[in-house]
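Visitor: Could you walk me through this one while I have it open on my screen?
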Amino acid sequence: MPTTTVLLKGVVSAFDHRCDRGPQDRPFTEVHGGFSLAYVRRGSFTCEKFGVRHELVAGALNVGRPGDEFVCSHDHHQCGDECLHFSFAPELAEQIAPDAAWRSGALPPLADVMVAGELAQAVAGGRGDLGLDEAGLMLASRFARAVSGGKPAAPRIRAADRRRAVETALWIDAYSHRPIDLASAAARAGLSPFHFLRLFGAVVGVSPHQYLVRSRLRHAARLLADDERDVTDVALDVGFADLSNFIRTFRRAAGVSPGAFRRLRKGDRAAFVERLARH
């Protein structure tokens, strides 16, 4: 039977969906509950919508629209399928793509969509510094581009928009020790998450979540250099939920562990050699 794990809830929600149905299981009619994109990361299934059969293999997208009926079957694969499923609040979906795009039913494996899907999967697995909601919106942007057949227009950045982005970046940095997600940062800027993500990236050069993580790392580096407090306390003080995530993220950024970084500023030769060996 299908199993679904909730990875994220909000205006952008994410689910890990695994289905073990096979050719022996009888298909039945289902209904999409909202606007959604399901990235097939493994296996395959047949999805019939509006009288059209879509053979969805790894790299394809199953596109959902509220109230649309569909029937899934697994005639060609014994092991079911696995999907990373994103759903979007109605007001956000309207900004991502027109209603006709959400009625497309499915997308075949397309290069830019697949790359965005794998990026989202990496983020869902804890490998990456984007937010999962940001990765979902990037996938949605690639979907919208593919359906429209063109490239998205570059955001028109006014002076007021730049001020919004910069002021929100300053707010993120000041409160980076607190939980901040894309929706709350966008609300602070007075924009929808979709428009805020594009604006912030265009003005600041990184995504809001990337800036949040890097602000936490900057504060951590300062505490490690100027303070003798325990590394666990530093991690929690700057906003990391657990020590292992902090150590992994800090090592990826600095090339050494937090403990080695602390020794490095004291002139520890071994820490210095370890740092050089990583470059």
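Guide: We can talk through the cysteines, then the salt bridges, then one helix. This is a predicted model, in which local features need pLDDT of at least 70 and side-chain atom pairs count only at pLDDT 80 or more, while totals for chains, interfaces and linings use all residues. Residues are numbered from 1 along each chain as its sequence is written, and side-chain values use heavy atoms, with hydrogens and water left out.

Visitor: How many disulfides are there?
Guide: The count comes to zero disulfides, where a disulfide is a pair of cysteine sulfur atoms within 2.5 Å.

Visitor: Why is there no bond for cysteine 47?
Guide: The closest cysteine sulfur, in cysteine 72, is 3.9 Å from that of cysteine 47, which is too far for a bond.

Visitor: And is cysteine 47 buried or exposed?
Guide: Cysteine 47 is buried, at a relative accessible area of 1%; buried means under 20% relative accessible area, exposed over 50%, and partly exposed in between, with a 1.4 Å probe and protein chains only. Cysteine 72 also counts as buried, at 16% relative accessibility.

Visitor: Switching to charges, how many salt bridges does a search of the whole structure find?
Guide: The search finds 12 salt bridges, each being a side-chain nitrogen of Lys or Arg within 4 Å of a carboxyl oxygen of Asp or Glu. One of them joins aspartate 68 to arginine 65, at 2.9 Å from N to O; aspartate 68 is buried at 8% relative accessibility, and arginine 65 is buried at 18%.

Visitor: What about arginine 229, which residue does it pair with?
Guide: Arginine 229 pairs with aspartate 237, their closest N and O atoms lying 2.5 Å apart. Arginine 229 is partly exposed at 29% relative accessibility, as is aspartate 237 at 39%.

Visitor: Which residues are linked in a network?
Guide: Salt bridges link Asp16, Arg18, Arg41, Arg42 and Glu82 in a network.

Visitor: Now helix H3, what should it span?
Guide: Helix H3 has 14 residues, 111-124, and at 1.5 Å a residue it should span 20 Å, which agrees with the 20 Å between its end C-alpha atoms. The expected span is 1.5 Å times one less than the number of residues, and helices (H or I, at least four residues) and strands (E, at least two) are DSSP runs numbered from the N terminus.

Visitor: Which of its residues are buried?
Guide: Those buried in H3 include Val113, Ala116, Gly117 and Ala120. After H3 comes glycine 126, with a positive phi near 85°.
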